[in-house]
Amino acid sequence: MFDALITGTGVHSPAERITNEELVVAFNDYVARHNAAHADAIAGGTVTALQPSSAEFIEKASGIRQRFVADKSGLLDPARMFPRIAARADDALSLQAEFAVAAARQALAQAGREGSEVDAVLCACSAHQRMYPAMAVEIQHALGAGGHAFDMNVACSSATFALEYATNAVRAGSARCVLIVNPEITSPHLEWRDRDCHFIFGDVATAILVERDEGQASGWQVLGTKLATQFSNNIRNNFGFLNRSEDGDPAARDKLFRQEGRKVFKEVVPIAAAHIENHLASLALQAGDVRRFWLHQANIGMNQLIGKRLLGRDATMDESPVILDRYANTASAGSVIAFHEHRSDLAGGDVGVICSFGAGYSVGSAVLRKR
């Protein structure tokens with residue numbers, strides 16, 4: 001058995017971003033148009049009037065202030081309210097692969113590796129651009145990597161689930177260098193006309209390089225990984241290849257992201273906190289031994305409550321950093337961004353925990369020690 005090290009990470013964001021203020025202007029314009037078009041039905045009680053939003057409401061509800069997006073113009077068009085993304089020829093690099101490759105090159109450069117040294121590529125994210133060929137194989141080809149590649153989807157826990165596979169492959173000797181990419185292009189499967197969720201997601205791609213420990217001078221040793229799932233319909237998206245055979249409305253509301261937000265908050269917080277606590281205990285560690293928690297970035301209130309359950313007090317921003325104010329919820333990429341941006345100040349021997357949680361329910365964690 002070999003030890004596994006995280007030797008590099010990367011983050012790629014699209015050039016365009018939308019602030020809460022910009023988003024609210026477009027959303028409220030849509031609301032005004034909708035209510036005017038249905039004024040008689042609203043007065044008659046057969047249609048419910050839509051309510052406007054505000055930047056203050058969004059930040060208070062989530063902690064989000066802005067998000068990066070693949071396309072801004074379509075999202076801010078009150079007559080459209082979803083991205084404009086041009087189709088590409090089959091022989092051109094796919095948009096999702098483009099995002100992944102950009103993040104992967106950063107991770108490889110940080111580790112001092114070339115694509116040809118990678119012998120497994122995992123594309124792990126909440127939604128893949130197509131059914132087949134696998135996005136991971138296209139990314140593998142673009143990077144000149146060898147070995148094998150495949151896609152994974154465990155919603156917002158995809159990155160941590162992939163990290164366990166990569167770690168186990170390295171430990172067992174079946175791979176020497178594994179690349180995980182998380183190209184989260186979430187904006188196309190969000191209902192931007194729904195006040196309860198239109199502000200939640202942003203687009204980004206992250207990458208993690210996991211290598212065999214061969215005496216590298218730096219890196220993060222993976223002390224252990226732990227995964228768990230528990231079925232729930234409280235976060236769901238029914239879009240899929242069977243839709244065209246169901247003789248229903250392919251644009252129905254259930255074909256996009258939807259959630260029972262209050263139920264998710266109430267149920268996931270104790271699941272995630274207990275998961276981390278049990279994982280640490282299995283490694284003879286306690287929450288107080290952890291220098292930093294890089295948590296899934298969905299809602300600031302969830303992270304604050306998880307930190308309080310673990311530590312018995314409010315966690316500081318230093319102990320549990322937040323990046324969702326700038327990136328919004330980026331599904332599986334959020335905890336990786338937090339790790340990428342908030343680890344350089346830690347000292348050798350410090351312990352940290354990457355943890356993600358979301359639809360499934362799913363929760364995954366990795367306990368790391370800085371070399």
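## Strands and how they pair

Two strands count as paired if DSSP finds at least two bridges between them. Helices (H or I, at least four residues) and strands (E, at least two) are DSSP runs, numbered from the N terminus. The structure here is a predicted model, in which local features need pLDDT of at least 70 and side-chain atom pairs count only at pLDDT 80 or more, while totals for chains, interfaces and linings use all residues. Residues are numbered from 1 along each chain as its sequence is written, and side-chain values use heavy atoms, with hydrogens and water left out.

A good place to start is Gln221. In E8, this residue is the bridge partner of Leu5, and Gln221 also stands opposite Arg369 in E13. Strand E1 (residues 4–12) pairs with strand E8 (residues 220–229) in the antiparallel sense through two bridges, whereas nine bridges link E8 and strand E13 (residues 362–370), again antiparallel.

## The nine-stranded sheet

Now for the wider view. The open sheet has nine strands, ordered E5-E4-E6-E7-E1-E8-E13-E12-E11, with mixed pairing. Strand E5 (148–152) and E11 are the edge strands; each has a single partner strand, so one side of each lacks a neighbour in the sheet. On average, neighbouring strands are turned by 25° against each other, direction ignored.

At the E11 edge, E11 and E12 run parallel and are joined by four bridges. Here Leu295 stands opposite Cys355 in E12.

## Helices on the sheet

H7 packs on the sheet and touches E8, E11, E12 and E13, its direction making about 40° with that of E13. H8 also packs on the sheet, touching E11 and E12, and its direction makes about 145° with that of E11. These angles run from 0 to 180 degrees between N-to-C directions, with axes as lines fitted to C-alpha atoms, for helices over the stretch in contact; contact means heavy atoms within 4.5 Å.

## Two nonpolar cores

A nonpolar core is a set of buried Ala, Val, Leu, Ile, Met, Phe, Trp, Tyr and Cys residues joined through side-chain atoms within 4.5 Å, where buried means under 20% relative accessible area (1.4 Å probe, protein chains only). The largest such core has 47 residues, and Ile276, Leu280, Phe293, Ile306, Val353 and Phe357 touch the most other members. Its contributors of at least two residues each include helix H1 (20–37), helix H7 (261–282) and helix H8 (300–311). H7 gives the largest share, seven residues.

Leaving aside neighbours within four places in sequence, Leu280 is in contact with Leu285, Gln286, Ala287, Val290, Val353 and Val367. Apart from this core lies another of 36 residues, among them Ile6, Leu122, Ala159 and Trp294.

Key: Buried < 20%, exposed > 50% of the residue type's maximum accessible area, 1.4 Å probe, protein only.
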